[in-house]
Amino acid sequence: MESDILNSRLKDKVAVITGGNSGIGLATAQRFVAEGAYVFITGRRRGELDSAVKQIGGNNISGVQGDVSNMADLDRLYGVVGEQKGRIDILFANAGVKSSAAHLERKNEYYYR
Ligand SMILES: NC(=O)c1ccc[n+]([C@@H]2O[C@H](COP(=O)([O-])OP(=O)(O)OC[C@H]3O[C@@H](n4cnc5c(N)ncnc54)[C@H](OP(=O)(O)O)[C@@H]3O)[C@@H](O)[C@H]2O)c1
């Protein structure tokens, strides 16, 4: 009973997760699909995107290749989602790169004020 509620709490929601082909974005996409959402994931690497879509599986996942720092790619993403689903209920702006902790060590206390 409790798992039924959990598995359907995102039923009919449309989610867009940028940077969904690995790490936190991929794990979130898997979870959202398991909870009933239709999910669009993005990423720059076509191969990784296709693998992620395959890994998640089912009919509630799509990959849209693109770079979030490129306005034309964002417009295309918005167009694809609009055309296929007509709305976005959940937007997870997750795309980004890990930064090395090494550069943090070079910052002093004034940086954090
Ligand atoms: N993991 C941590 O401990 C941690 C801590 C603090 C914050 N974060 C933030 O959480 C987010 C996810 O982290 P993660 O550890 O899951 O990283 P990750 O495994 O490296 O995943 C990053 C995702 O973002 C995509 N991406 C990167 N730049 C992009 C761009 N310009 N346009 C579109 N997609 C892009 C990558 O795919 P492509 O390379 O194919 O584009 C990939 O799918 C990042 O924003 C990161 O800065 C992570």
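Biologist: What makes α2 lie across β1, β2, β3 and β4?

Modeller: Contact is counted when C-beta atoms, placed from the backbone, lie within 7 Å, and α2 lies across these four strands: β1, β2, β3 and β4. Its direction is about 165° to β2, on a scale from 0 to 180 degrees between N-to-C directions of axes fitted to C-alpha atoms, for helices over the stretch in contact. Helices (H or I, at least four residues) and strands (E, at least two) are DSSP runs, numbered from the N terminus. This is a predicted model, where local features need pLDDT of at least 70, side-chain atom pairs count only at pLDDT 80 or more, and totals for chains, interfaces and linings use all residues. Residues are numbered from 1 along each chain as its sequence is written.

Biologist: How do you know that β1 and β4 pair?

Modeller: Pairing asks for at least two DSSP bridges; β1 (residues 14-18) and β4 have 4, in the parallel sense, so they pair by that definition. Thr18, for instance, has Ala93 in β4 as its bridge partner.

Biologist: Why are β3 and β4 called edges?

Modeller: The open sheet runs β3-β2-β1-β4, with parallel pairing. β3 (61-65) and β4 (90-93) each have a single partner strand, so one side of each lacks a neighbour in the sheet. Neighbouring strands are turned by 15° against each other on average, direction ignored.

Biologist: Which residues are closest to the ligand?

Modeller: Gly19, Gly23, Gly43, Arg44 and Gly96, among 21 that surround the ligand; being near takes a C-beta atom, placed from the backbone, within 6 Å. The largest share of this shell, 3 residues, comes from α2.

Methods: Contact = placed C-beta atoms within 7 Å.
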